[in-house]
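Hello,

Here is the structure I promised to pass on to you. Have a look at it first, and then read on for what turned up in it.

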Amino acid sequence: MQSTEASSAMEVEAVSSEPKILPPKPEFAPLKPHEMSDGQVQFRKVSVPPHRYTPLKKAWMDIYTPVYEQMKVDIRMNLKARKVELKTRKDTPDISNLQKCADFVHAFMLGFDVIDAIALLRLDELYVESFEVKDVKTLRGDHLSRAIGRLSGKGGKTKFAIENATKTRVVIADSKIHILGSFANIKIARDSLCSLIMGSPAGKVYSKLRAVTARLAERF
């Protein structure tokens with residue numbers, strides 16, 4: 001009796017010691033963008049403000065060419081709804097292209113030049129940040145006008161200095177400010193603009209910018 005129990009135990013051990021052979025991993029071809037959304041076409045719509053209607057007409061081919069030919073996204077202007085409509089195609093290489101194109105068109109509507117806004121299609125780490133003067137300090141009448149004047153400087157000198165030092169692009173549209181650039185650079189530009197709104201003289205902001213950009217240059 002004992003010998004049969006011992007033999008059965010030995011048999012169990014023998015079975016467990018055999019290596020398990022797993023089936024080969026299945027290899028699937030990568031999904032195409034139109035297959036990711038169950039074959040549904042993805043849409044984006046960007047509103048056109050009245051003051052950007054004429055510039056959009058003039059720069060339409062500059063916007064249309066990179067979006068349609070390089071990003072492989074369909075684009076059209078809906079004249080009735082006054083919106084730029086974008087949609088994916090079957091040959092769109094990446095689903096994120098649609099959002100990139102929408103950001104590019106939106107940046108143009110905010111007032112950025114096509115040459116600057118097109119960087120949103122080329123680079124991944126670019127963002128657009130918007131804020132108003134009243135978000136920093138509540139100003140009215142002449143005080144607000146003077147603050148906007150300080151932001152631009154004589155002939156746009158201050159704005160260009162901030163743009164060149166921080167490698168960003170700034171649009172000042174009335175009391176709204178839009179900044180296009182990388183996350184770290186937007187922060188530096190925003191801090192400089194906020195200092196100007198709060199009443200700092202341009203010279204003080206320039207010297208602060210020089211120190212910050214020198215520190216950034218050392219880091220990289």
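Helix 5 (residues 96–110) lies across strand 1, strand 2 and strand 3, and its direction is at about 5° to strand 1. Please keep in mind as you read that this is a predicted model.

The sheet under discussion is an open one, formed by 3 strands in the order 1-3-2 with antiparallel pairing. Strand 1 (43–47) and strand 2 (73–78) are the edge strands, and each has a single partner, so one side of each is left without a neighbour in the sheet. On average, neighbouring strands are turned by 20° against each other, direction ignored. Between strand 2 and strand 3 (residues 83–88), which run antiparallel, there are 6 bridges. If you would like a pair to look for, Asp-74 has Lys-87 in strand 3 as its bridge partner. Helix 4 (residues 60–70) also packs on the sheet, where it touches strand 2 and strand 3. The direction of helix 4 makes about 150° with that of strand 2.

Now to the inside. The largest nonpolar core has 31 residues, and those touching the most other members are Ile-63, Leu-86, Phe-104, Val-105 and Met-109. Several elements give two or more residues to this core: helix 3 (53–58), helix 4, strand 2, strand 3, helix 5, helix 6 (114–117) and helix 7 (119–122). Helix 5 supplies the largest share, 9 residues. Phe-104 is a good place to zoom in: leaving aside residues up to four places away in sequence, Phe-104 touches Ile-63, Val-67, Val-114, Ala-117, Ile-118, Leu-120 and Leu-121. Another core, of 19 residues, lies apart from that one, and includes Phe-131, Ile-148, Ile-179 and Ile-186.

One more helix deserves a look. Which residues of helix 10 (residues 157–166) are buried? They are Thr-158, Lys-159, Ile-162, Glu-163 and Thr-166. Seen down the axis of helix 10, these buried residues fall within an arc of 135°, so they line one face of the helix. The general background is that an α-helix has 3.6 residues a turn, so residues three or four places apart point the same way. On the face of helix 10 turned away from the buried side you will find the exposed residues Lys-157 and Asn-164. Right after helix 10 comes Lys-167, which has a positive phi, near 55°.

Enjoy exploring, and do write back with any questions.

Best wishes

Methods: Residues are numbered from 1 along each chain as its sequence is written. This is a predicted model: local features need pLDDT of at least 70, side-chain atom pairs count only at pLDDT 80 or more; totals for chains, interfaces and linings use all residues. Side-chain values use heavy atoms; hydrogens and water are left out. Buried means under 20% relative accessible area, exposed over 50%, partly exposed in between (1.4 Å probe, protein chains only). Helices (H or I, at least four residues) and strands (E, at least two) are DSSP runs, numbered from the N terminus. The arc is that of the directions from the helix axis to the C-beta atoms. Two strands pair if DSSP finds at least two bridges between them. Axes are lines fitted to C-alpha atoms, for helices over the stretch in contact, and angles run from 0 to 180 degrees between N-to-C directions. Contact means heavy atoms within 4.5 Å. A nonpolar core is a set of buried Ala, Val, Leu, Ile, Met, Phe, Trp, Tyr and Cys residues joined through side-chain atoms within 4.5 Å.
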